[in-house]
Amino acid sequence: KIKKNGDTVRFPWDTTEADYEFEIAARFDESFKTANEKEAVEFVKTKMHFAIFNDFSCRDRQREDRVVGIGVARSKSMADKAFGTWVPASALAFDKNGIPYINMKLWVNGSLRMISHCHTIYFIYPPDAYSQLRCVWGAAQVIAYFGRIGRGFKKGTVLASGTIGQGSIAELRPLHDWLRDGDTVTLETDFLGILENKIIIETKV
């Protein structure tokens with residue numbers, strides 16, 4: 001189910017590796033299609049809304065899915081997801097690639113676990129070559145990619161960034177334990193506000 005700030009988030013009773021994922025979501029204000037990345041960047045900066053997104057995940061179930069070669073589509077739907085308040089792109093500042101300048105913080109039960117920023121979405125490719133490029137796979141790049149294969153996006157479609165800034169337990173294990181019943185996860189950014197949710201691990205019936 002889709003939850004909002006202040007709602008409880010439920011995990012299935014049989015997961016042993018409940019995790020949070022700090023992401024930024026972008027929503028289309030109108031339908032759009034282009035293969036031109038500059039046009040896509042301009043659209044992102046003027047015709048989209050943004051929100052904090054917590055893509056809660058069952059890591060043990062994801063691992064099972066990968067073993068049988070079906071990706072993580074099944075396991076991704078097992079836990080609730082949470083979105084913060086949607087904010088228009090006009091309230092944000094962006095770099096030349098359409099990546100917003102957003103600082104990010106994460107707490108569990110009031111204990112600070114992460115201080116980062118949205119620009120950690122950039123990566124170096126290839127990682128082991130002598131000549132490396134600084135790359136990014138943000139909303140504008142996704143739009144242009146699909147445009148090149150003849151696909152566009154309908155109004156209301158939501159794109160998620162993927163986990164940013166080491167905003168998950170899985171990336172830092174064994175530094176942190178998996179989420180437990182009763183934990184409270186708080187995500188905060190400048191401009192987009194706060195998304196806070198209490199965790200409930202369902203009881204076996």
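In the predicted model, W137 is partly exposed, with a relative accessible area of 46%, and Y145, at a relative accessible area of 37%, likewise falls in the partly exposed class. Because the partly exposed class lies between the limits of 20% and 50% relative accessible area, the value of 46% places W137 within it, as the value of 37% does for Y145.

Aromatic contacts in the predicted model amount to 10 pairs under the ring-centre criterion. One of them joins F28 and F43 in a tilted arrangement, with 5.6 Å from centre to centre and an angle of 35° between the planes. This pair links distant parts of the chain, since F28 belongs to strand β4 (residues 22-28) and F43 to helix α1 (residues 37-46), the two residues being 15 residues apart. F28 is buried, with a relative accessible area of 1%, and F43 is also buried, with a relative accessible area of 5%. W137 and Y145, by contrast, form a pair of edge-to-face geometry, for which the centres are 5.7 Å apart and the planes enclose 65°; the assignment as edge-to-face follows because an angle over 60 degrees is required for that class.

Both pairs belong to one aromatic cluster, which is formed by F28, F32, F43, W137, Y145, F146 and F153.

Arginine side chains are also placed over aromatic rings. The charged end of R27 sits over the ring of W86 at 4.8 Å from the ring centre, while the charged end of R134 sits over the ring of Y122, where the corresponding distance to the centre is 3.8 Å.

Definitions and conventions: Residues numbered from 1 in each chain as written. Predicted model: local features only at pLDDT ≥ 70, side-chain atom pairs only at ≥ 80, totals over all residues. Heavy atoms only, no water. Phe/Tyr/Trp six-rings, centres within 6.5 Å; stacked < 30°, edge-to-face > 60°. Helix = DSSP H or I, 4+ residues; strand = E, 2+ residues; numbered from the N terminus. Buried < 20%, exposed > 50% of the residue type's maximum accessible area, 1.4 Å probe, protein only. Lys NZ or Arg CZ within 6 Å of the ring centre and 35° of its normal.
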